[in-house]
Amino acid sequence: MVDLVVRAANATTVVDAQRLVAEFRGFSGVRSAEIVSALTPVVGELDLLERLPVGPAQWGQELRVEFSAAPARTELLAAAAEIAAAADRALAQPCRAVPPPPMLGSPLAWAITTGARAMILTVDPARGWSALSDSFGTVLGYDRHRPPDYRIIDLIHPDDRPAAVGMFLTCCTGRHPAGTVDLRLCTANGHWRTIEVAARSFVDDAQVGAVVFFGIDVTRQRETERTVLVEQQRLARLVETMGDGLLLLDEQGRVGLANLAAHQLLDTGLAGPDTSRGQVTDDEQLDWAAVIGHTVDRLGADATRVERLREAFRARRAIVGEEMPFDDGRVLEIDLVPVAGPGESDSGTLVHIRDVTARVAVRRGLEERSRGLEERNQALIEATALNNEFVASVSHELRGPLSSVVAFAHLLGDATTGDLSEDQRTYLDVIDRNANRLLRLIEDLLLLSRLEARTLQLKPMPTRLPELLAVAVAERTPAALAAGLDLVLECAEGPELVCDDTRVHQVVDNLVSNAVKFTPSGGRVTVRAGPGDDGWTIAVVDSGVGIPAADLPRLFSAFFRGSNVAAAVGRQVMPGTGLGLVVSRAIVELHGGGISVASTEGVGTTVTLSLPSRPARNGG
């Protein structure tokens with residue numbers, strides 16, 4: 001290893017450095033060692049991998065060494081660093097132009113070389129570079145016999161230098177690089193020409209001892225290719241952005257092209273959010289036979305149209321305007337257009353797909369209009385029945401309290417009764433209870449009417465929600481204590497809430513009142529609140545009778561009452577109007593929030609409402 005380090009210190013050319021790398025690979029403890037592009041994917045164990053830069057950073061080359069174990073890395077790392085330094089020094093040596101040799105091989109070989117269409121350059125790692133063919137001057141404008149005093153790398157575009165250095169490094173190992181590389185070379189008048197370059201290594205040939213580069217000027221060809229590519233991309237974008245679907249089928253019916261609209265119309269699953277730019281890249285992986293089979297299945301029993309399309313495809317016959325109704329209600333119109341290639345050869349079939357659901361709907365307007373009139377008549381009948389039910393329910397709710405008010409008022413006002421007796425006090429309590437019930441009902445009806453008519457205007461103002469909740473809970477605490485319940489408030493601190501505090505108080509009071517009313521003695525009602533990202537969340541949790549699962553879908557229906565509340569509480573409760581939750585939801589939604597109910601019969605109920613920091617709209 002000491003000898004290797006000494007020779008590395010004395011190495012003068014890249015060939016010397018590459019031979020040292022090859023020798024270093026043979027050391028015990030070294031799995032691999034190679035000068036590669038820094039962009040080459042890293043493989044192996046990272047803890048045992050060493051990456052040592054070689055040459056200027058913009059050339060992007062490094063000596064990559066993988067050791068077999070940590071001790072080997074410790075022992076051999078200095079030698080690897082010395083080899084990398086040798087390669088770095090060799091690359092830093094200026095490779096300047098030198099006059100071409102007077103003769104290379106036989107006169108015939110020399111004549112062929114100098115007159116070759118390809119530019120032929122030799123790079124002697126120890127001497128410099130020479131141009132052997134006259135085309136060097138024809139293409140780039142330099143006199144090869146008096147070449148410019150440039151380094152060869154200076155003639156190459158900066159962006160292309162890593163590829164050129166990579167080819168040179170490969171050749172210095174004695175191997176021939178695979179394939180060709182496009183390099184942009186600067187001409188004598190300062191323009192760039194694109195040269196397709198191949199390289200061959202003769203560094204191990206004693207008579208040559210150089211790397212030979214062969215270059216063909218492909219500037220016009222690449223410009224033409226770029227122009228064609230741009231046109232193809234424009235055409236592809238045009239096809240992709242079309243609203244109609246396009247499929248190109250070959251002679252065997254295989255799909256060779258499908259635009260974004262075709263994927264969407266056929267529900268292939270490849271036209272999701274990632275294809276917003278109109279590019280679908282997984283056509284080759286898609287099982288088009290399965291997609292088309294699924295599409296045919298969705299046509300239901302309408303096999304006649306499908307068979308007609310298949311026959312037209314087999315017979316190379318055009319079909320225009322074939323309507324295909326699908327089971328999801330869509331109607332697609334399909335055209336089959338045979339496509340002829342050069343010399344009238346068969347090049348497949350173009351399938352043009354359009355969604356004509358709306359157009360078909362218009363054409364069937366009279367039938368739909370008649371059906372719509374029948375549906376509206378049925379809706380009117382149902383609305384009339386609902387209205388009658390509403391009027392009957394309201395009449396019943398108003399008649400009972402009013403009758404009690406009138407009857408007991410007469411008794412209370414009877415002059416013969418004198419001072420109020422115990423019975424009279426009872427009558428007075430009944431009057432008060434029913435009058436209040438009537439007042440709540442009327443207020444709810446009026447508020448619901450305003451909400452439905454969108455005439456209720458919110459009066460938002462900054463509100464301390466913890467204080468609002470504390471007041472609402474305090475107002476219901478006496479009723480909770482009388483019912484033998486624990487009523488608890490758990491509220492975190494947070495920012496002010498901009499809301500109509502009167503209406504929010506009304507909602508909270510209604511929810512707490514329901515929870516107290518339908519929770520048996522010994523139970524618990526908890527009001528929880530806390531701020532979130534977009535506002536506040538309030539939850540009223542009780543351990544009450546719960547709500548039957550069958551009743552949950554109807555909770556927010558006007559005048560609906562749970563089927564189990566009458567007997568499950570264990571004490572007499574004043575029946576509600578069935579409007580509380582309806583009014584509460586309308587108020588919350590007017591603030592831009594939401595309300596939800598989760599309940600298990602016999603376990604309890606949780607009503608959760610969310611309020612944004614500011615109302616989404618102000619009523620109306």
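## Ile-319 and its surroundings

Let's start in strand E11, where Ile-319 has its place. Setting aside neighbours within four places in sequence, Ile-319 is in contact with Arg-308, Leu-309, Ala-312, Ile-334, Asp-335 and Leu-336. This is a predicted model, and in it the C-alpha atoms of Ile-319 and Leu-336 are separated by 5.0 Å, although these residues are 17 apart along the chain.

Is Ile-319 buried or exposed? With a relative accessible area of 8%, Ile-319 is buried, because buried means under 20%.

## Salt bridges around strand E11

Stay with strand E11 for a moment, as Glu-323 also belongs here. Glu-323 forms a salt bridge with Arg-359, and their closest N and O atoms are 3.8 Å apart. This pair links distant parts of the chain, with Arg-359 sitting in helix H11 (residues 357-363), 36 residues apart from Glu-323. Glu-323 is buried at a relative accessible area of 15%, whereas Arg-359 counts as partly exposed at 43%.

Which residues are linked with Glu-323 in a network of salt bridges? The network joins Glu-323, Glu-333, Asp-335, Arg-354, Arg-359 and Arg-363. You have met one of these above: Asp-335 is among the contacts of Ile-319.

## Two further salt bridges

Side chains of opposite charge can pair when their charged atoms come close. The count for this model comes to 33 salt bridges, and two more are worth a visit in your viewer.

Arg-73 forms a salt bridge with Glu-50, with 2.4 Å between the closest N and O atoms. Arg-73 lies in helix H3 (residues 70-92) and Glu-50 in strand E2 (residues 49-54), so this pair ties together parts that are 23 residues apart in sequence. Arg-73 is partly exposed, at 23% relative accessible area, while Glu-50 counts as buried at 14%.

Asp-267 forms a salt bridge with Arg-330, and here the closest N and O atoms are 3.9 Å apart. Asp-267 lies in the loop between helix H8 (260-266) and helix H9 (288-297), and Arg-330 in the loop between strand E11 (319-325) and strand E12 (331-340), so the pair ties together parts that are 63 residues apart in sequence. Asp-267 is partly exposed with a relative accessible area of 44%, but Arg-330 counts as buried at 15%.

## Helix H7: two residues to look at

Next, turn to helix H7, which covers residues 219-241. Thr-219 is found in this helix and is buried, with a relative accessible area of 5%. Beyond its neighbours within four places in sequence, Thr-219 is in contact with Arg-193 and Thr-194.

Leu-238 lies in helix H7 too, and counts as exposed at 53% relative accessibility. Together with Leu-235 and Met-242, Leu-238 makes a nonpolar surface patch of about 280 Å².

## Where helices H14 and H15 cross

How do helices H14 and H15 cross, and at what angle? The axes of H14 (residues 465-482) and H15 (residues 501-517) come within 10 Å and cross at roughly 35°. H14 passes H15 in a right-handed crossing.

Many residues can be picked out here if you want to display the meeting of the two helices. On the H14 side they include Leu-465, Leu-468, Leu-469, Val-471, Ala-472 and Glu-475. On the H15 side, Val-504, His-505, Val-508, Asp-509, Val-512 and Val-516 are among them.

Technical notes. Residues numbered from 1 in each chain as written. Predicted model: local features only at pLDDT ≥ 70, side-chain atom pairs only at ≥ 80, totals over all residues. Heavy atoms only, no water. Patch = residues over 30% accessible without salt bridge, like charges linked within 9 Å, V, L, I, M, F, W, Y side chains within 5 Å. Areas by Shrake-Rupley, 256 points an atom, 1.4 Å probe, with all protein chains shown as cover. Salt bridge = Lys/Arg side-chain N within 4 Å of Asp/Glu carboxyl O. Helix = DSSP H or I, 4+ residues; strand = E, 2+ residues; numbered from the N terminus. Buried < 20%, exposed > 50% of the residue type's maximum accessible area, 1.4 Å probe, protein only. Axes fitted to C-alpha atoms, helices over the stretch in contact; angles between N-to-C directions. Left-handed = near helix turned anticlockwise from the far one by under 90°. Contact = heavy atoms within 4.5 Å.
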